[in-house]
Structure formats: C-alpha cells, structure tokens
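Please open the structure in your viewer and keep the selection tool at hand. We will go from stop to stop, and at each one I will suggest what to select and tell you what is there.

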Amino acid sequence: MKNYSVDIVHETIMANRCPELSFREDVEYEVWRSNVKEKLAELLGDMPERVDADLRIEREEDHETFTEYSMVFFSEKEVEVPCHLWIPKQAKKPCPVVICLQGHSTGMHISMGRAVYPGDEELIAGGDRDFAKQIVNEGYAALVLEQRGFGSRKSERELQFRPNTKCTCAHPAMVAILMGRTLIGERVWDISRAIDVLESFPEIDMDRVAVMGNSGGGTATYYAACMDERIKVAMPSCAVCSYKRSITAKRHCPCNYVPGIAKYLDMGDLACLIAPRKLVVVAGEKDTGFYIDGVKDAYETIEKIYAKAGVPDACRLVVGAEGHRFYADPSWSVFREISGWESL
C-alpha cells in the first residue's frame, strides 16, 4: 500500500536542509553571532512588558543546613511566579546561586525532593531530580522556580479536557503562538525576572549565577542562557540535541517547539550565544526522547563554536549510562571543575 503519511515531506526537508544561519568555520564570528542573537530573539516571540516584581516572602523556615524562603513575584502584569530560595548556612557569603528547573512533572516540589502526588517519589529517586538538595549540599544557594504549565502554574483550560494530566503545557503553548509569543520565550522571561529578584538578597553573589534543569527544564536552561548573559554557567540535561534527532523524531510537548527555528538554526548553533560562558551538557546514553547520536552531533558543533570563541575548555559533555534523567554523579563534579566555584 502506498504511504501517504504527512510525515514524509517534513522528514525529507529536515534530512536535506542546511539551516540558513548554521555555524561555518569560515564565518565572521562576531557578525554571525550577532545575527543569531537577533534571529533567536525574533523567533522566541514578543516578550512581556517589565513590571515591578513586588517580591513577597510568604514564609521563612529554618532547616538543619539551610534557610528556606517561600516567595512570590510578578514577572509581568497579573502573572505571579511562586518559588523557593534555599540558602545554605555553612556556605561563605555571598555564595553562588543555581536556579533549578523541573521538566514535565507535577511541579517544582520535585526539585526539593518533596513527594506530593502518587509517583513523585519514584520520579525523584529514579532520576536524581531533587536538584535543590544537591545544590545546597554543594554549598550553593538554590532557587526553585515553578515553570509555566507545571505544578501550581497549570493550565485550567487544558485540565477541562485532560483532567488527569500532570503537565498542562500544550494548550498555553499553542495560545502563546496565536498571540505572537512562545511558551519557551515566556519561561525564559520568568528566569530573567527571577535573576532580578535575587538581587534583593545580600547572601547571593550575583556574579555567580547558574541555571540547570532536566528535560523541559534543560530546554529552558539552554534558551535562558542564550538570552541572559548574567547566567555564568548553564547545565541543561536531556535537552540539547539536534532537532532532527529529538523534537522532529517523535512526538514531544508543543512547549519544545520554536516556530521557524529549524529554517535558520540547529540547537548546537545556539551555543554561540552562551560562549564564552560555561556550558555543561548532560545526556543519557539510552534517552529515547533526545537520542544520543543527535546529542553528539549538537555537541560537535558546540565544541567548534567554543574553539572559535577562544575558550575550548569552557564546555563539557557528560553522558550517563541510562535514559531520560539527570545524573548528579558526575555532573556536579564537572560543574565544580568548569565553574571554579568552591563547594562545601
């Protein structure tokens, strides 16, 4: 029977297309980098208007090794962002801070190692997803951020039609596109506004700000580092991969897609917007969502870009032996080495 699948033409285009702004060794690097920055800013869509963050600390709790602040701030008009800041007691102040981002899950409580819903405990234990605990143990402050579409920032509209779903990104991602925005662009904006908020805390060293996350959290990490140069170290996990071997190869949540981006760039090309700052790419050998051959293809481009930028030692690739998860060991040892930030 003849195959009339709609996928054929898209896969053929992806297989044969060379993105218009892809990295070339003979490129005039700074001119090319400027063009990439301008194009990515355009493709991520309209950004919100800046408003007063109006930071509110709703609760302060004393724990054995850290102080926890439960907070809310405005990232744009009528948009509140809940978050938790953990400041380690024994760390020398001001200390580095790592913003940590969960991917598609029941919410930011996973980063704090707190099981709230059935299946949370397995998700945490089976994938090193208790990021805040790891960060504080390293001697860094941790800012746990609830991303749009997850946890307490769920889409009520999507829940009307998918009442049992844990992740509600699909509907807001499509609506954002209708309005000239993208959900990933909105998430990037929230991360930048969170960095603004951190300036309120004298315990935080604003010259040592990092972002990390797994899966959808890794995707937000990567794009945020591209757009905000205050992020000195980015550690995206299970997210950086050629588009052909990730979000084109199988169905992913719509929040992963930036309209038109594959016409101009592949994911590895975007690393020029992070270099010369530090980048640790974490991947799983058996990840069936972000295939390892696509990760290696993207990282090969990243290595070439970092060499072109004159900082070949400022990027690293960490490959864990399993699938779609974070790998605390050896990722944090690589993070310490590449950042040069002291730990406890």
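Start by selecting residues 56–62 and 66–76 in this predicted model. These are strands β1 and β2, which run antiparallel and are joined by six bridges. For a landmark in the pair, pick Glu60, which stands opposite Tyr69 in β2. The two strands form a hairpin, with three residues between them.

Now click on Glu64, in the loop between β1 and β2. Is Glu64 buried or exposed? Its relative accessibility is 76%, so Glu64 counts as exposed. While you are here, draw a distance from the C-alpha atom of Glu64 to that of Lys89: the two are separated by 8.4 Å, although their positions lie 25 residues apart along the chain.

Go back to β2 and add residues 79–88, which are strand β3. This pairing is also antiparallel, and it extends over 10 bridges. Phe66 is a good place to check the register, as it stands opposite Pro88 in β3. β2 and β3 form a hairpin with two residues between them. One residue to label in this turn is Glu78, with a positive phi of about 70°. Before you leave β2, colour it by accessibility: the strand is mostly covered, with 11 of its 11 residues buried.

Next, show the whole sheet. In which order do its strands come? Follow β1-β2-β3-β5-β4-β6-β7-β8-β9: nine strands in an open sheet with mixed pairing. At the edges stand β1 and β9 (315–320), each with a single partner strand, so one side of each has no neighbour in the sheet. Turn the view to look across the strands, and you can follow a twist that averages 20° from one strand to the next.

Within that sheet, select β4 (residues 95–101) and β6 (residues 204–214). Here the strands run parallel, joined by six bridges. Label Val97 and its bridge partner in β6, Val209.

The next stop is helix α4, residues 131–138. Six of its eight residues are buried, so the rest of the structure largely encloses α4. The buried ones to display as sticks are Phe131, Ala132, Gln134, Ile135, Val136 and Glu138. What covers them? The cover includes β2, β3, β4, β5 (141–145) and β6, together with α11 (328–339). Just after the helix comes Gly139, whose phi is positive, near 100°.

Now for some helix packing. Two packed helices are described by the angle between their axes and the distance between the axes. Select α7 (residues 183–198) and α8 (residues 216–227), whose axes come within 9 Å and cross at roughly 65°. The two helices are therefore roughly perpendicular to each other, and their crossing is right-handed. To see the contact, show Ile184, Val188 and Ile191 from α7 with Thr219, Ala220, Tyr223, Ala224 and Met227 from α8. By class, these residues are seven nonpolar, one polar and no charged.

Keep α8 on screen and bring in α2, residues 29–43. The axes of α2 and α8 come within 10 Å and cross at roughly 125°, which makes α2 oblique to α8. This crossing is left-handed. Lys37, Leu40 and Ala41 of α2 meet Tyr223, Cys226 and Met227 of α8. The contact has five nonpolar residues, no polar ones and one charged.

The last stop is the loop between β7 (231–237) and α9 (261–264), where you will find Ser242. With a relative accessibility of 6%, Ser242 counts as buried. Neighbours within four places in sequence aside, Ser242 is in contact with Asp266, Gly294 and Ala298. Then move to Asn256, which is also found in the loop between β7 and α9. Why does Asn256 count as buried? Its relative accessibility is 9%, and the cut-off for buried is under 20%. Select around Asn256, leaving aside its neighbours within four places in sequence, and you will come to His104, Thr219, Ile247 and Phe290 as contacts. Thr219 may be familiar from the α7 and α8 stop, where it is one of the contact residues of α8.

How values were computed
Residues numbered from 1 in each chain as written. Predicted model: local features only at pLDDT ≥ 70, side-chain atom pairs only at ≥ 80, totals over all residues. Heavy atoms only, no water. Axes fitted to C-alpha atoms, helices over the stretch in contact; angles between N-to-C directions. Helix = DSSP H or I, 4+ residues; strand = E, 2+ residues; numbered from the N terminus. Parallel < 35°, antiparallel > 145°, perpendicular 65-115°, else oblique. Left-handed = near helix turned anticlockwise from the far one by under 90°. Contact = heavy atoms within 4.5 Å. Nonpolar A, V, L, I, M, F, W, Y, C, P; charged D, E, K, R; others polar. Buried < 20%, exposed > 50% of the residue type's maximum accessible area, 1.4 Å probe, protein only. Pairing = 2+ DSSP bridges.
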